[in-house]
Amino acid sequence: MKNKGIGTQCVQGGYTPGNGEPRQIPIIQSTTFKYATSEDMGKLFDLEAEGYFYTRLQNPTNDAVAAKIAELEGGSAAMLTSSGQAANLFAIFNIAGNGDHIVASNSIYGGTYNLFAVTMKRMGIDFTFVDPDCSFEELDAAFQDNTKAVFGETIANPALTVLDIEKFAHAAHAHGVPLIIDNTFATPVLCRPFEWGADIITHSTTKYMDGHGTAVGGCIVDSGKFDWTRYPDKFPGLTTPDESYHGITYTERFGLEGAFITKATAQLMRDLGSIQSPQNAFYLNLGLESLHVRMPRHSQNALAVATFLSKHPKIRSVQYSGLPGDKYYDLAQKYLPNGSCGVVSFEIEGGRKAAERFMKHLKLAAIETHVADARTCCLHPASSTHRQMSEEELKAAGISADMVRFSCGLEDAEDLIQDIDQALNA
Ligand SMILES: Cc1ncc(COP(=O)(O)O)c(C=O)c1O
């Protein structure tokens, strides 16, 4: 069947059982796989034959779930990682190393910012952070000769800026580098960044994809469209022989569709070992089976909550790109016509203390270092996920000291509004 709908892909993508095989994706809870001869095993090690030999690199449960996510995003190949952090690390480290440079939006998740600005900088990779709303000329000026990729989030956590993906893709391609998009908050149900020119997509599957707060995980999807061979000097890791794999050249052996993910699996998973456990991949798949049903409901609840907050006298400002009048409303209409996800950010009159008091009085919404869950939760980013940022960095990332990030779950919108109302009055 061609052109399956997104709902069918969510439910049945990635795994088609044969006669008498399990209907549900089986959990292959095995570290290792048996072979009859050392020769068979050797072929796997040389990437000459397909198959599994050790779960640090690959596991059939993970691959079935990754194939579903690749299908959902319209990509050529995907891999699961142990977390969203690992996904973003691998996506960049697969094509950049010591002495290289990346252009990134400054409106991104605090953990990703820290990974880039501190840990990856220590690995010798430099980052230039740009305002996602900058002009094309300003974006263009951020590139250097050693730039290897551009990075941004479709809907940024927690500032909820909406990235102009086409603008970022044009700039990246003009400089011969790929655009990497973290599509965690939108999910492919609300936005498919490959259709707007992105080349690689990452996810924290911990969020909406799992959706039930059960399993930490990540995913990298390759569009298979970026032509690494046009820029062999920029991407020698993909276009020249890998001595650690007996001289394989990934683009030659696996083509544009398979090179990026095969290299990330064969080299990075082998050496850094950040694979998702098959058990977690199984939980993730349960979440994926209802993603297309949940995302519209999360978005509807968030729009109802944002609308209520925007009229409340104790609320100074509301950020939700699905709300008419929001700074990102027009971009959301373009990139997120079916909803802007369940996360709303807002500022309360009375500053940080008022925000903390409000959160303490919430009954349904729990204070959690989490977001994008079936149960409504909230967080004060300045004192938690983004506390490593300076006041200036917070400001540049669009986060104020009194901002509350409110993640609308799947409950009834009227109940969420009632809960917010009583907490604001308390
Ligand atoms: C947009 C985004 N990317 C990446 C991450 C990191 O994901 P994880 O917590 O699964 O490592 C998060 C976590 O909140 C996130 O919101």
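I take a polar contact to be a pair of N or O atoms within 3.5 Å. The model under study is predicted.

**Entry 1: ligand contacts**

I began with the backbone of G84, where an N or O atom lies 2.9 Å from an oxygen atom of the ligand. I then turned to Q85, a polar backbone atom of which is 3.0 Å from a ligand oxygen. For T206 I examined the side chain, and found one of its N or O atoms 2.6 Å from an oxygen atom of the ligand. I also asked how much of the ligand the protein covers. Of the 390 Å² of accessible area that the ligand has on its own, 90% is covered by the protein.

**Entry 2: ligand surroundings**

Which residues are the closest to the ligand? I recorded N157, D182, S204, T206 and K207 as the closest, out of 15 residues that surround the ligand. Next I looked for the helix that gives the most to this shell, and noted helix 4, residues 84-93, with three residues. I also checked the pockets: the ligand takes up the space of the second largest one.

**Entry 3: the peptide bond at N157**

Having listed N157 among the closest residues to the ligand, I inspected the peptide bond that leads from N157 to P158. Is this bond cis or trans? The bond is cis, and its omega is near 5°. I located P158 in the loop that runs between strand 4 (147-153) and helix 7 (165-174).

**Entry 4: helix 10**

I compared the span of helix 10, residues 250-272, with that of a straight helix of 23 residues. The straight form would span 33 Å at 1.5 Å a residue, whereas the end C-alpha atoms of helix 10 are only 19 Å apart. I then searched along the helix for a bend and found one of about 115° at L256. Just after helix 10 I noted G273, which takes a positive phi of about 55°.

**Entry 5: a positive phi outside glycine**

I looked up L47, a residue other than glycine, and found its phi to be positive, near 60°. I placed L47 in the loop between helix 2 (38-45) and helix 3 (60-73).

Methods. Residues are numbered from 1 along each chain as its sequence is written. This is a predicted model: local features need pLDDT of at least 70, side-chain atom pairs count only at pLDDT 80 or more; totals for chains, interfaces and linings use all residues. Side-chain values use heavy atoms; hydrogens and water are left out. Helices (H or I, at least four residues) and strands (E, at least two) are DSSP runs, numbered from the N terminus. The expected span of a helix is 1.5 Å times one less than its number of residues. The bend at a residue is the angle between axes fitted to the seven residues ending there and the seven starting there. A residue is near a molecule or strand if one of its heavy atoms lies within 4 Å of it. A polar contact is a pair of N or O atoms within 3.5 Å; within protein, one must be able to donate a hydrogen and the other to accept it, and residues adjacent in sequence count only if both atoms are side-chain atoms. Accessible areas come from the Shrake-Rupley method with a 1.4 Å probe; for residues, only the protein chains shown count as cover. On a 1 Å grid over the protein atoms alone, a cavity is a set of points where a 1.4 Å probe fits but cannot get out, and a pocket is an open set with protein on both sides within 12 Å along at least five of seven lines; lining residues have an atom within 4 Å of a point. A molecule sits in a cavity or pocket if more than half of its atoms lie within 2 Å of its grid points.
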